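Got the viewer open? Let's take a walk through this model, one selection at a time.

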Amino acid sequence: MYYDNRKRRGRMETNRRYGTEQPGAAAGQQEKAYEARRETQRNKMRQEAQKNKMRQEAQRNRMRQEAQRNKMRQEAQRNRMRQEAQRNRMQQEAQRNRMRQEAQWNKKQFKKRRLARICTMLTSAVGVILAALVCLAAVRFVSPRVQQAAEGDGAGSVNLADLYSPYAILIAADTGETLAEKNSHAQIYPASLTKIMTALLVIEYSGNLDETVWIPTDIYEQLYAEGASMAGFLPGEETTLRELLYGILLPSGAECCLTAARYIGGTEGMFVELMNQKAAQLGMENTNFTNCTGLQEETHYSSAADIAILLQYALSNATFGEIFTSKYYYVQPTEQHPDGFTFWSTLFSQTDSRADGVILGGKTGYTEEAGLCLASLLSVGGREYILVTAGAPGSHETEPYHIEDALNVAGQLSA
């Protein structure tokens, strides 16, 4: 064993002396160099990773700053929009105030002019009364004979049998006397003649027709679905009760009816109860209302005679009479209609020169079930008549046979 160890130490010494151990030493140096390169590479990777991390952090900071700037820009935009909306509201309020002041001033001027006219009339009344006393005996003697002659020549000869309308009635506007009729008590669907009652109740139940109201936004879907006639107001538009009345009676606007009904009754159902109560008070025995627009419902019905009773009563109201006999009406500008717009009568937009001075006013109506309907005020020979016709054939696209019936009756009265 001693010999073997000595031999191994000798070989190791010989290897060191003659350099036979150098390959192993070079391998160690290469290993060190390799490790150094690897460490250098790792350092570079760490540095690159650090740089990437810093770049990403810088990118995130830029994105945060950009988001902050965007948020600030959006907030500034919202502030500008709020300020603009505030200015618009202030301008609208100023406009409404000017309109109210102008309306107030016009009302005062009207009262002054009316007072002046009353004073003038009272001043001249004394002389007129004295003259009237002188003529009274002669008038009492002559007027009954003149009236009898007029009735004999005019209304007494009216024949409704040849009218297009199967339901008709003619009455004297002043006395309500029935002068001619055809199936006048038979049940009919009144269509938009219903709106005569709607307009009448708005006048009777409202304290101030210049009160501001807004058109509800939730009524249009139903009205469009049922094909209701519209006056032209838009959802949420500001208007007055007076303009609603013109919208009800001239263009037959269903949105005006529902707006007014809710304003007066709270709901359309409550307003319809008022309509039926008024019908009972007037003695409209063959009438039952279920809506304020006249849209078709099986249990919504009336008769020509009942509509004549209603119209005679309504015409005793000066406001109703003024609107009923109007041909058009200009609606004041609003936010939705900056230039305003005009209502046109559905009656007078279909008449020609034959109606001038003869048909003073009227309310038309039509549904497929009701046919063409008309409640009109006629003037012939110095007397006024109410004519109600219903059920005429045709539609809005055909000849206006209901108006032809009115002209036919007026012609007979003047013969």
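Start with the whole chain on screen: buried residues make up 34% of its 415 residues. Keep in mind as you look around that this is a predicted model. Switch on a cartoon view and you'll have 10 helices and 9 strands to explore. Now try a surface: the chain exposes about 24700 Å², with carbon and sulfur atoms supplying 53% of that. If you like contact maps, here's one more overall number: among contacts between residues at least 6 apart in sequence, 61% join residues at least 24 apart.

**Stop one: the sheet**

Select β2, β1, β9, β8 and β7, in that order. These 5 strands form an open sheet with antiparallel pairing. β2 (178-182) and β7 (359-367) stand at the edges with a single partner strand each, so one side of each has no neighbour in the sheet. From one strand to the next, the twist averages 5 degrees.

Begin at the β2 edge. Its antiparallel pairing with β1 (residues 167-172) runs over 4 bridges. To see one of them, pick Ile169 and look across to its bridge partner in β2, Glu181.

Now hop over to the other edge, where 8 bridges join β7 to β8 and the two strands run antiparallel. Click on Lys363 and you'll find Ala375 of β8 standing opposite. Follow the backbone round from β7 to β8 and you pass through a hairpin with 3 residues.

Is β8 mostly enclosed or mostly open? Colour the strand by burial: 9 of its 10 residues are buried, so β8 is largely enclosed by the rest of the structure.

Keep going along the chain. β8 and β9 also pair in the antiparallel sense, over 8 bridges, and Val380 stands opposite Arg383 in β9. The hairpin between β8 and β9 has 2 residues between the strands, and Gly381 there takes a positive phi near 60 degrees.

**Stop two: a residue in the sheet**

Select Thr389, which lies in strand β9. With a relative accessible area of 1%, Thr389 is buried. What does Thr389 touch? Leaving aside residues up to four places away in sequence, its contacts include Leu163, Tyr167, Ala168, Leu374, His402 and Asp405.

For the bigger picture here, show helix α10 (residues 401-414). The helix lies across β1, β7, β8 (371-380) and β9 (383-392), and runs at about 30 degrees to β8.

**Stop three: a buried helix**

Next, select residues 194-205, which are helix α3. From first C-alpha to last, its 12 residues reach 17 Å, close to the 16 Å expected at 1.5 Å a residue. Of those 12 residues, 10 are buried, so α3 is largely enclosed by the rest of the structure. Among the buried ones are Ile196, Met197, Leu200, Leu201 and Val202, along with Thr194 and Lys195.

**Last stop: the cores**

In soluble globular proteins, nonpolar side chains tend to be buried together. Here the largest nonpolar core has 66 residues, and those with the most contacts inside it are Phe233, Phe320 and Val388. Zoom in on Phe233: not counting residues up to four places away in sequence, it touches Ile215, Tyr220, Leu244, Val331, Phe341 and Phe343, among others. A second, separate core has 22 residues, including Leu160, Leu163, Ile359 and Val380. You've already met Val380 opposite Arg383, and Leu163 among the contacts of Thr389.

Conventions:
Residues numbered from 1 in each chain as written. Predicted model: local features only at pLDDT ≥ 70, side-chain atom pairs only at ≥ 80, totals over all residues. Heavy atoms only, no water. Core = buried A, V, L, I, M, F, W, Y, C linked by side-chain atoms within 4.5 Å. Buried < 20%, exposed > 50% of the residue type's maximum accessible area, 1.4 Å probe, protein only. Contact = heavy atoms within 4.5 Å. Expected span 1.5 Å × (residues − 1). Pairing = 2+ DSSP bridges. Axes fitted to C-alpha atoms, helices over the stretch in contact; angles between N-to-C directions. Areas by Shrake-Rupley, 256 points an atom, 1.4 Å probe, with all protein chains shown as cover.
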